[in-house]
Amino acid sequence: MADEKLPLRSENYSEWYNQLIQRAELADYAPVRGCMVVRPYGWALWENIQQALDKRFKATGHQNAAFPLFIPMSFLEKEKEHVEGFSPELAVVTIGGGEKLEEPLVVRPTSETVIGYMYSRWIKSYRDLPVLINQWGNVVRWELRTRLFLRTLEFYWQEGHTAHATEQEAEEETRRMLDVYTDFAVNEAAVPVIPGMKSATEKFAGAARSYTIEAMMGDTKALQSGTSHNLGQNFAKAFEIQFLDQNNVLQHCWTTSWGLSTRFIGAIIMTHGDDQGLKFPPRLAPIQVVIVPIFRSEEERARVMPVVEQVKGMLSDLRVKVDDRSEVTPGFKYNDWEMRGVPLRIEIGPKDIEKGSVALARRDIPGKEGKQFVSQDGLAETVKNLLEDIQKSMLEKAREFRDANIHEPRDYAHLQEIVQDGWAFAHWCGSSACEAKVKEDTKATTRCIPLEGGKSKGACIVCGEPAEYKVYFAKSY
RNA sequence: CGGGGUGUAGCGCAGUUGGCAGCGCACCGCGUUUGGGACGCGGGGGUCGGCGGUUCAAGUCCGCCCACCCCGACCA
């Protein structure tokens, strides 16, 4: 790399973000504007995210399937709000095999419509319900302004699509999957999120209700990190997804959809990263432990390497990398792997061979305080405990940061001040006019009505009219 | 799509009044190094974003186009 140091987060947060992603080899810019290449290290992180989520989807009764990339244009047009929401950002194929197509094909921006069409063919009876399907795939949304991971023209995600016999079941499913996302974010990614409901203006185009998990990034901006929608009967009516109930009455289904994308990688980067670089939570880190062997001569090398291999063997149930590059110094490797976010580093040198020790350095505690010498005996246990401790500390640290940057405004002027660098938690009457005013005055939007602590009577912070609940206002990505 | 900026080696940049296309890092080879970002010597690498114009001569001057980045209006 040309420059050794990253830009400081405090000086230029977005430059820090962009450079870090490229230097750590998570992703690179593709030859097409707004598209990214996810590189092996970034994809390995995504695979770990996929595994953690997929396990939870299966445990809640879902199955995976795959639906087509192309959707007939007419499908999108069947749900009014849906097409209005998505038409400005559609990529449309008009030529195939050199011939102009009879009907243009949309590259899926999301799959409610094709899946709805298929469900209408598959569902006949209440006995067919519920249908619980998830798909891992890619979608395209023609965004004007793009950022690696946060907003790219094409992104990777999972989208769950379910159909139910009753409104209540659909709502339960929507909330269950929001809980799954919350559990994943908090316990796997160490990203403390606030689950809540989106306002009418912020909800998904075509949904009856949208839920979200909102996370605070290192610059205090909010990031919608996952969403779960109760689609009511909107898509069921548009695509005639109908079933005969126990009383032989034809009814429309109640459907849901929920998604989490590669954007979440952006959430991990910006929740945990520091001026030194990435900081990955141990549970999701592509490399959990890096071993740096240290030797000066061939003779020392011959003594050190067998122990390195032995230690690696002791940690065989972890994702361990031995950095045996001979062309760079240990000091370079320390900085390199810290930049790449590896949670724990083990150094093994001649002194350790003599003492039967190794040096351990925690990524989450910089410098000497994070470094300790421990015995090789029981190392597997020591490392396992340490990784768990790192996981826990990272969540704690992120939570403290978030809570320290959420404030309850005294009045509207105070709210305007708060959202310049933090989140405001305040009563809101529910009118979109008040939301719009805040947005116009401050660029901050309502993020969500939290499921916990949201219900509260008071006066709207904007207009003073009676309010039934409190919401978070913040600038967002 | 509006405002601003940048395009010269993989990356970061310099290039004077128009006159043989350079520097640092990275890369390759050899040697010395290695517990917090090593060093020496020797190498390889370029349609100067594209097209057109002015000129004996264009990286440099003029015109048009394109791409990317940043800031705004929209979004997982």
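This dialogue walks through some features of a predicted model of a protein with an RNA strand.

Visitor: What should I know before I start reading the numbers?

Guide: This is a predicted model, in which local features need pLDDT of at least 70 and side-chain atom pairs count only at pLDDT 80 or more, while totals for chains, interfaces and linings use all residues. Residues are numbered from 1 along each chain as its sequence is written, chains are lettered from A and ligands numbered from 1 in the order in which they are written, and side-chain values use heavy atoms, with hydrogens and water left out.

Visitor: Which residues come nearest to RNA strand B?

Guide: A residue is near a strand if one of its heavy atoms lies within 4 Å of it. Around RNA strand B there are 42 residues, and those that come nearest are R33, R145, R151, R263 and T329. Seen from the RNA side, 44% of the atoms of strand B within 4 Å of the protein belong to sugar or phosphate, and the rest belong to bases.

Visitor: How do the residues of the surface near RNA strand B divide into nonpolar, polar and charged?

Guide: The grouping counts Ala, Val, Leu, Ile, Met, Phe, Trp, Tyr, Cys and Pro as nonpolar, Asp, Glu, Lys and Arg as charged, and the others, Gly among them, as polar. On the surface near RNA strand B this gives 16 nonpolar, 9 polar and 17 charged residues.

Visitor: Where do N or O atoms of the protein lie close to those of RNA strand B, as with the side chain of E338?

Guide: A polar contact is a pair of N or O atoms within 3.5 Å; within protein, one must be able to donate a hydrogen and the other to accept it, and residues adjacent in sequence count only if both atoms are side-chain atoms. In the side chain of E338, an N or O atom is 2.7 Å from a base nitrogen of RNA strand B. The side chain of Q224 has an N or O atom 2.5 Å from a sugar or linking oxygen of strand B, and for F295 a backbone N or O atom lies 3.4 Å from a sugar or linking oxygen of strand B.

Visitor: Which elements give two or more residues to that surface near RNA strand B?

Guide: Helices (H or I, at least four residues) and strands (E, at least two) are DSSP runs, numbered from the N terminus. The elements that give two or more residues to the surface near RNA strand B are α1 (13-23), α10 (330-339), β19 (344-348), α11 (350-355) and β21 (371-375). The most comes from α10, which gives 7 residues.

Visitor: In what order do the 5 strands of the open sheet stand?

Guide: Strands of a sheet pair through backbone hydrogen bonds, either parallel or antiparallel. Two strands are taken as paired if DSSP finds at least two bridges between them. Here the order is β17-β16-β19-β20-β21, with mixed pairing. At the edges stand β17 (320-322) and β21, each with a single partner strand, so one side of each is left without a neighbour in the sheet. Within the sheet, β19 and β20 (residues 357-362) run antiparallel and are joined by 4 bridges, and the bridge partner of E347 in β20 is A359.

Visitor: Which strands does helix α9 lie across, and how is it turned against β16?

Guide: Axes are lines fitted to C-alpha atoms, for helices over the stretch in contact, and angles run from 0 to 180 degrees between N-to-C directions; contact means heavy atoms within 4.5 Å. Helix α9 (residues 298-314) lies across β16 (289-293), β17, β19 and β20, and runs at about 170° to β16. Helix α12 (residues 379-404) lies across β16, β19, β20 and β21, and runs at about 10° to β20.

Visitor: Is Q288 buried or exposed?

Guide: Buried means under 20% relative accessible area, exposed over 50%, and partly exposed in between (1.4 Å probe, protein chains only). Q288, in the loop between β15 (278-279) and β16, counts as buried at 9% relative accessibility. A polar atom of the Q288 side chain lies 3.0 Å from the backbone oxygen of P282. Leaving aside neighbours within four places in sequence, Q288 is in contact with residues including P282, L318 and L387.

Visitor: Where does the backbone have a positive phi at a residue that is not a glycine, such as T220?

Guide: T220, with a phi of about 75°, has its place in the loop between β10 (209-216) and β11 (222-230) and counts as buried at 7% relative accessibility. E25 has a positive phi of about 60° and is not a glycine either; E25 is partly exposed, with a relative accessible area of 33%.
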